[in-house]
Amino acid sequence: NSNNIRTLSGTSRLAGVMGWPVAHSKSPRLQGYWLAKYGVDGSYMPLPVAPENFVSAVKSLRDLDFAGVNVTIPHKQAVFDVCDQLSDRAQHIGAVNTVTFTDDGKILGDNTDGFGFIENLRQNAPEIDFTCGPAVILGAGGACRAIIVSLLEENCPEIRLLNRTKARATALAGEINDPRIRVIDWEQANHCLDDAALLVNTTSLGMVGQPPLEIDLAGLAAQAIVTDIVYAPLKTGLLTQAEARGNRIVDGLGMLLHQARPGFHRWFGIDPAVSAELRDFVLGVS
Ligand code: ATR
């Protein structure tokens, strides 16, 4: 029965993810799920592009009338300079992960990582109140800046920033330049948890193949919410330890799923849902 056959048409909307390498990216599976679920006439593909070809590739996609692209490692900074316009979020964060091509050929850059972080917490810890106490942030790498900026936007009263290499945390705090950020020694982690509302791991510690994150949660406030941006494994050592103490935990997969929503919405016209079925699908469970 040819009614079941789905193909692209002459008017299909096209998007994809540019990275180098890009084979590991979960974005095609994630966006492909939504395209099928919502019956969108469109496609989302992996677009491997080496750094030296990146700028010309973005302009070519614009000229080919793509709706937009996600941009991942190592292009998140390079794309910043190619954009004709940047959202406030992209400007504050200094990196772009979502590009939209306008009908008149403009390249618009946005950064949705902070949105994904906040939306994941709102969905999975609905009682969360970002204004009610300090957030303790472990790490000062690429993933961290969007998280700090988004927490400040949510009127978080204090950010305690701890990184193994303290100079990196100090530099990041200086760049964001908000008096609510306090840099604390990595070794002092155990001593700044008693009044925390939120604890976030943004380091790679606890990820499959990486060393564990060693932190003593004995002093952590009972009402603190604990989240990890690591999602392989889904339940990291940090989350296991926090859950055993009775703290609410939120794993990192939701951040990946929610950060993809603004792109899909802009390119294909639907704000898609993040469901349990989608989580299983992206993990390859179903
Ligand atoms: P990205 O920019 O992609 O986030 P990154 O810059 O390598 O990746 O950052 C990884 C984060 O994990 C950093 O905060 C790093 O701390 P340093 O700035 O001191 O390198 C942190 N990290 C990685 N391995 C660590 C370890 N063994 N102990 C403590 N922190 C570690």
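Okay, before we look at anything, one definition: when I give an angle for a helix or a strand, axes are lines fitted to C-alpha atoms, and the angle runs from 0 to 180 degrees between N-to-C directions. Keep that in your pocket. Also, what you have up there is a predicted model.

Let's start with one of the sheets. Six strands make an open sheet, and going across you read β2-β1-β3-β5-β6-β4, with mixed pairing. Who sits at the edges? That's β2, residues 42-48, and β4, residues 85-86, and each of those pairs on one side only.

Now zoom in on β1, residues 13-19. β1 and β2 run parallel, joined by 7 bridges. If you want a spot to click on, try Leu14, which stands opposite Ser43 in β2.

And here's where the angle comes in. Helix α1, residues 27-37, lies across β1, β2 and β3, that last one being 68-71. Relative to β2, helix α1 runs at about 175°.

Right, on to another sheet. Here 6 strands form an open sheet too, in the order β9-β8-β7-β10-β11-β12, and this time the pairing is parallel. The edge strands are β9 (181-185) and β12 (248-250), each pairing on one side only. From one strand to the next, the twist averages 20°.

Look at β7, residues 135-138, and β8, residues 159-163: they run parallel, with 4 bridges between them. Which residue in β8 is the bridge partner of Ile137? It's Leu161.

Last stop, helix α6, residues 142-153. Helix α6 packs on this sheet and touches β7, β8, β9 and β10, where β10 is 198-201. The direction of helix α6 makes about 170° with that of β7. That's my tour, thanks!

Key: Residues are numbered from 1 along each chain as its sequence is written. This is a predicted model: local features need pLDDT of at least 70, side-chain atom pairs count only at pLDDT 80 or more; totals for chains, interfaces and linings use all residues. Two strands pair if DSSP finds at least two bridges between them. Helices (H or I, at least four residues) and strands (E, at least two) are DSSP runs, numbered from the N terminus. Two residues are in contact if their C-beta atoms, placed from the backbone, lie within 7 Å.
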